[in-house]
Amino acid sequence: MRYFITLSYDGTRYHGWQVQPNGISVQGELQRALSLILREDIQLTGAGRTDTGVHARMMVAHFEASTLSFNLHDLAYKLNRLLPADIAIQKVEPVGDDMHARFSATSRTYRYFVHTGKSPFLRHYSWQTHYDLDFPLMNEAAAMLLEYDDFGAFCKSHADVKTTLCKVTHAQWHKVGDCKSPTTEEWYFEITANRFLRNMVRAVVGTLIDVGRHRLSLDDFRKVIEGKQRTEAGESMPANALFLENITY
C-alpha cells in the first residue's frame, strides 16, 4: 500500500529535507520514526527538497508499507509522540499506486518574509531590511516572472538539473495588515510554480531586493532573466525567512 503523509517542520536545525551523509535531515528523522513504529524499513519520497534552514508549513511525502495493524489516525498520533517538537504530522492517508509525492504535484507555493525595523520576535523567521524598499516597483518586476519559462539566472551554480524551465503562475509582494508594532512593517513575497530550481526563490528575492533598492531598473531585471546567468542576478537571501507554504495535486 502507498500512503501520503502531510507534515510541517521548522528547518532551523536541519540540513534540509533530504537525507545527508553527515547531517541531520527531516527525511531521516521521519524515516527512522516510521521504521520503528511499523517495524519495517521505510523509505520516503518527498514532494521536493528544501535547503538547509528552510521551513515548511506543508510538506508531502509518500511511502509504501505492508498492511498496517492500526488506523492512520493512530499512526499520525504515534509519529507526533516520537518525533522531535520541530516536526509535526498533520495526516497520513492511503493513495493509489499511481500517486507520487513529487511527480503528481501540480504546483508549489513559497513565501519569503521581510520586516523593517528591529524586532526580537521576527528575527528567526523573517529577514530584517535596513533599506527603504520600493515594494510597488518590486511588484512590477515580480510580474515579469510570469512572462518567462527559463530561470537559469536564479539556479544555483553547478546544480545537477536537466532543465531550468519552470512555469510561474503567481509572484507578488504582500503587506501583512495586522502588524502590531508602529515601527515595523511586515511583508512577504509569494511565488507559485509547477517546480522550482535549487536556490531559485532566495535568488529571485535577492534580485527583487536590488530592484527595491533602485540598484536595478525594470529593464535591468528583465535582462537578468533573459541572460540566464546566475552571476548577473542578486545574492541568495538567508534561508531562515523562507517557507514552503503549500503543495497542490
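Trainee: Buried means under 20% relative accessible area. Take Thr109, then: buried or exposed?

Mentor: Buried. This is a predicted model, and in it Thr109 has a relative accessibility of 10%. That is under 20%, so Thr109 counts as buried.

Trainee: Where is Thr109 found?

Mentor: In strand 5, which covers residues 107–116.

Trainee: Which residue stands opposite Thr109?

Mentor: Thr192, in strand 8. The side chains of Thr109 and Thr192 are also joined by a polar contact of 2.7 Å.

Trainee: What else is Thr109 in contact with?

Mentor: Setting aside neighbours within four places in sequence, Thr109 contacts Glu190, Ile191 and Thr192. The list also has Phe243, Leu244, Glu245 and Asn246.

Trainee: How do strand 5 and strand 8 pair, and over how many bridges?

Mentor: In the antiparallel sense, over eight bridges. Strand 8 pairs with strand 7 as well, again antiparallel, over seven bridges.

Trainee: How many residues of strand 8 are buried?

Mentor: Seven of its eight, which leaves the strand mostly covered.

Trainee: Any general rule for side chains in a strand?

Mentor: In a regular strand, side chains alternate between the two faces of the sheet.

Trainee: Back to strand 7. What stands opposite Lys175?

Mentor: Trp187 of strand 8. Lys175 also forms a salt bridge with Glu185, with the closest N and O atoms 3.3 Å apart. Glu185 lies in the loop between strand 7 (168–175) and strand 8 (186–193), and Lys175 in strand 7, so the bridge ties together parts ten residues apart in sequence.

Trainee: Are Glu185 and Lys175 buried or exposed?

Mentor: In between. Glu185 is partly exposed at 33%, and Lys175 is partly exposed at 47%.

Trainee: How many salt bridges does the count come to?

Mentor: Eleven. As background, side chains of opposite charge can pair when their charged atoms come close.

Trainee: Which one links distant parts of the chain?

Mentor: One of them is Asp86 with Arg13, closest N and O atoms 2.6 Å apart. Those two are 73 residues apart. Asp86 sits in the loop between helix 2 (72–82) and strand 4 (87–95). Arg13 sits in the loop between strand 1 (2–9) and helix 1 (26–38). Asp86 is buried at 18%, while Arg13 is partly exposed at 43%.

Trainee: And what does Glu29 form a salt bridge with?

Mentor: Arg32, with the closest N and O atoms 2.5 Å apart. Glu29 and Arg32 are three residues apart in helix 1, so about one helical turn separates them. Glu29 is buried at 17%, whereas Arg32 is exposed at 52%.

Trainee: New topic. Which residues touch the most other members of the largest nonpolar core?

Mentor: Phe63, Leu79, Leu145, Phe154 and Phe189, out of 82 residues in that core. Helix 4, residues 200–212, supplies the largest share, eight residues.

Trainee: What does Phe154 touch?

Mentor: Leaving out residues up to four places away in sequence, its contacts include Leu145, Met200, Ala203, Val204 and Thr207. Phe221, Val224 and Ile225 are also among them. So are Arg198, Asn199 and Arg230.

Trainee: Asn199, hm. What about its phi?

Mentor: Positive, about 75°, although Asn199 is not a glycine. Asn199 is in the loop between strand 8 and helix 4. With 14% relative accessibility, Asn199 counts as buried.

Trainee: Which other residue has a positive phi although it is not a glycine?

Mentor: Arg39 has one, about 60°. Arg39 is in the loop between helix 1 and strand 2 (45–46). Arg39 is exposed, with a relative accessible area of 80%.

Trainee: Last one, aromatics. How many pairs in the whole structure?

Mentor: Twelve. Among the ring pairs is Tyr9 with Trp17: centres 6.4 Å apart and planes at 25°, so this pair is stacked. Tyr9 is buried at 5%, and Trp17 is buried at 2%.

Trainee: Which residues form an aromatic cluster?

Mentor: Phe113, Tyr125, Tyr188 and Phe243 form one. You have met Phe243 before: it is in contact with Thr109.

Methods
Residues are numbered from 1 along each chain as its sequence is written. This is a predicted model: local features need pLDDT of at least 70, side-chain atom pairs count only at pLDDT 80 or more; totals for chains, interfaces and linings use all residues. Side-chain values use heavy atoms; hydrogens and water are left out. A salt bridge is a side-chain nitrogen of Lys or Arg within 4 Å of a carboxyl oxygen of Asp or Glu. Helices (H or I, at least four residues) and strands (E, at least two) are DSSP runs, numbered from the N terminus. Buried means under 20% relative accessible area, exposed over 50%, partly exposed in between (1.4 Å probe, protein chains only). A nonpolar core is a set of buried Ala, Val, Leu, Ile, Met, Phe, Trp, Tyr and Cys residues joined through side-chain atoms within 4.5 Å. Contact means heavy atoms within 4.5 Å. Two strands pair if DSSP finds at least two bridges between them. A polar contact is a pair of N or O atoms within 3.5 Å; within protein, one must be able to donate a hydrogen and the other to accept it, and residues adjacent in sequence count only if both atoms are side-chain atoms. Rings of Phe, Tyr and Trp (its six-membered ring) pair if their centres lie within 6.5 Å; planes under 30 degrees apart count as stacked, over 60 as edge-to-face and the rest as tilted.
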